[in-house]
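Trainee: I would like a close look at one aromatic residue and its surroundings, with the terms explained as they come up. Please take the wider chain into account afterwards.

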Amino acid sequence: MKEYYSCIIQQRPNQGTTLLTGGRLFQQYLVDAYNAVEEQRLKWTRNNQDTLRVDLYHNLCDVVTRGDTSAVRLGKRIVLPRTFTGSPRYMIRNYQDAMALCRAYGNPDLFITFTSNLKWPEIAKMLAYFTGQKAHDRPEVGTRIFKLKLTELLDDLAKKHVFGQSEAVLYVIEFQKRVVYVIEFQKRGLPHAYILLWLEEHLNGELPNLFEK
């Protein structure tokens, strides 16, 4: 279902533009699409609890130990896998991975904030196809360009070493052993990322001049 909606909202020259020019109705369509995808994922989790081996979680024993012996309050427990984005197990796993790096390498050397910008030329180029459109009318464009630029920035930090050789870095989601970062959305709907970076000890806290030719 996620691939279906991703295909639908793509801009093509040989197709109608009613959906993309809907303004706030298009925003509502994206919200409904997200809810539909999440509902499908939750429904699969509920119907495949045996596959997820939830019998390993002794919930009944925990309830009795806690003193809650009323069967009316037990209900049916649905366990979300740790791969479900936003679930408590997902957040705890990523937090523990980040703390493991702090335990091994100490405090990070750099705290980098990467924020989306509505004035990016790539966004303006996409909005120019339809007269009168604003950046908030096409939230998927800004989010997609932000992800592309964030990926380039992480490659600069982890592979090109623009700040010097990185000693410990970790992708919280993709686990490629390079950078710790988290993506959040502002109240205006713009995404931004917080990045933690560990540098090699031989830099002695001195960063290279990135503006030198």
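What is the relative accessible area of Tyr 194?

Mentor: The relative accessible area of Tyr 194 is 27%, so this residue is partly exposed, a class that lies between buried (under 20% relative accessible area) and exposed (over 50%), taken with a 1.4 Å probe and protein chains only. This is a predicted model, in which local features need a pLDDT of at least 70 and side-chain atom pairs count only at pLDDT 80 or more, while totals for chains, interfaces and linings use all residues. Residues are numbered from 1 along each chain as its sequence is written, and side-chain values use heavy atoms, with hydrogens and water left out.

The ring of Tyr 194 forms a stacked aromatic pair with Phe 111, at 5.6 Å centre to centre and with 25° between the planes; rings of Phe, Tyr and Trp (its six-membered ring) pair if their centres lie within 6.5 Å, and planes under 30 degrees apart count as stacked, over 60 as edge-to-face and the rest as tilted. Because Phe 111 lies in strand E1 (residues 110-115) and Tyr 194 in strand E4 (residues 191-199), the pair ties together parts that are 83 residues apart in sequence. These strands are DSSP runs (E, at least two residues, whereas helices are H or I with at least four), numbered from the N terminus. Phe 111, for its part, is exposed, with a relative accessible area of 58%.

Following the chain on from E1, one reaches Ser 116, which lies in the loop between E1 and helix H5 (121-127) and, at 8% relative accessibility, counts as buried. Leaving aside neighbours within four places in sequence, Ser 116 is in contact (heavy atoms within 4.5 Å) with Gly 142, Phe 146, Leu 190 and Pro 191, and Pro 191 belongs to the residue range of E4, the strand that holds Tyr 194.

The pair is one of 5 aromatic pairs in the structure, and elsewhere ring pairs link Tyr 4, Tyr 5 and Tyr 29 into a cluster. Rings also meet charges here: the charged end of Lys 149 sits over the ring of Trp 120, 5.1 Å from its centre, and Arg 41 lies over the face of Phe 84, at 4.4 Å from the ring centre. A charge is counted in this way if NZ of Lys or CZ of Arg is within 6 Å of the ring centre and within 35 degrees of the ring normal.

As for the wider chain, there are 6 helices and 4 strands, in the order α-α-α-α-β-α-α-β-β-β along the sequence, and buried residues make up 31% of the 213 residues. The chain averages a pLDDT of 78, with 75% of the residues scoring at least 70, where pLDDT is the predictor's confidence in each residue, from 0 to 100. Among the elements, helix H2 (residues 24-47) has the highest mean pLDDT (92) and strand E2 (residues 166-168) the lowest (55). Over residues 170-178 the pLDDT stays under 50, and the model has 30 contacts beyond four places in sequence for them.
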